[in-house]
Amino acid sequence: MKPVLAGSLGCLFLALAACDALGSTTKSVAPSSLPTPAAPSTPTTPDMPAVPTAAEFDLGKLLGGVTDGASAEAAKGPLETGIGALKKALAGADAKAKLDGAAGGNTDTAGTAKKMASDVLAKFGLGAGTVDSIAKLLDNPAVKSAIGPMLEQLQGMIPAM
């Protein structure tokens with residue numbers, strides 16, 4: 001073991017001697033003088049789309065653009081996505097109304113829930129005339145064959161206004 005120890009110590013001495021020969025002085029640098037790294041950017045990829053907000057699902061405007069079978073087919077994907085977002089928003093409003101009612105001792109949770117649901121529907125561009133618009137669209141056989149079940153589902157989600 002002595003040769004290994006002697007070899008290791010010899011390497012240590014050589015390293016120390018090399019540092020001395022190079023003049024190992026350190027310099028203090030103020031952190032403010034260092035370059036600041038750029039903020040990381042959030043990559044956008046086709047398989048990770050941005051999460052849409054309620055404002056991006058103006059269902060009233062979407063329904064207003066449906067006039068025939070071709071426009072109904074074109075509206076099918078956005079309508080399906082919008083209805084899914086509306087369902088989540090309405091469920092969230094209902095849960096919040098119940099939670100707020102329980103926490104605040106409010107006995108009119110149904111009234112609070114209806115008010116919150118109306119607010120959510122308004123954010124999605126749906127109002128008092130929406131039920132009539134849906135009924136007119138369902139009267140059109142080409143539209144009904146393309147998006148009838150989605151329109152009926154949407155109609156069932158809208159309380160009497």
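In which helix is the place of Ala89? I looked this up before anything else and found Ala89 in helix α3, which covers residues 69-104.

**Ground rules.** I am working on a predicted model, in which local features need pLDDT of at least 70 and side-chain atom pairs count only at pLDDT 80 or more, while totals for chains, interfaces and linings use all residues. I number residues from 1 along each chain as its sequence is written, and side-chain values use heavy atoms, with hydrogens and water left out.

**The chain as a whole.** I noted six helices and zero strands, and from the N terminus on the elements run α-α-α-α-α-α. Here helices (H or I, at least four residues) and strands (E, at least two) are DSSP runs, numbered from the N terminus. The chain has 161 residues, of which 22% count as buried; I use buried for under 20% relative accessible area, exposed for over 50%, and partly exposed for what lies in between, with a 1.4 Å probe and protein chains only. For the surface I recorded about 11100 Å² exposed by the chain, with carbon and sulfur atoms supplying 64% of it; such areas come from the Shrake-Rupley method with a 1.4 Å probe, and for residues only the protein chains shown count as cover. I then turned to contacts, meaning heavy atoms within 4.5 Å: of those with a separation of 6 or more, 70% are accounted for by residues 24 or more positions apart.

**Ala89.** Going back to helix α3, I read a relative accessibility of 25% for Ala89, so Ala89 counts as partly exposed. Not counting residues up to four places away in sequence, Ala89 touches Val120 and Phe124. With Phe124 the sequence separation is 35 residues, whereas the C-alpha to C-alpha distance is 9.7 Å.

**Thr67.** I next looked at the loop between α2 (59-64) and α3, where Thr67 has its place. Thr67 is exposed, because its relative accessible area is 56%. Leaving aside neighbours within four places in sequence, I found Thr67 in contact with Asn140 and Val143. Thr67 and Ala142 stand 75 residues apart in sequence, yet their C-alpha atoms are 9.3 Å apart in space.

**Salt bridges.** Side chains of opposite charge can pair when their charged atoms come close. I applied the rule that a side-chain nitrogen of Lys or Arg lies within 4 Å of a carboxyl oxygen of Asp or Glu, and the count came to three salt bridges.

- Glu73 and Lys76 meet through their side chains at 3.8 Å, N to O. They are three residues apart in helix α3 and are therefore separated by about one helical turn. Both ends are partly exposed, Glu73 with a relative accessible area of 44% and Lys76 with 31%.
- Lys98 pairs with Asp94, and the closest N and O atoms are 3.3 Å apart. Both residues lie in helix α3, four residues apart, about one turn of the helix. Lys98 counts as exposed at 53% relative accessibility, whereas Asp94 is partly exposed with a relative accessible area of 32%.
- Asp119 forms a salt bridge with Lys115, with 3.0 Å between the closest N and O atoms. I placed both in helix α4 (residues 109-123), where they are four residues apart, about one turn of the helix. For Asp119 I noted 35% relative accessibility, so this residue counts as partly exposed.
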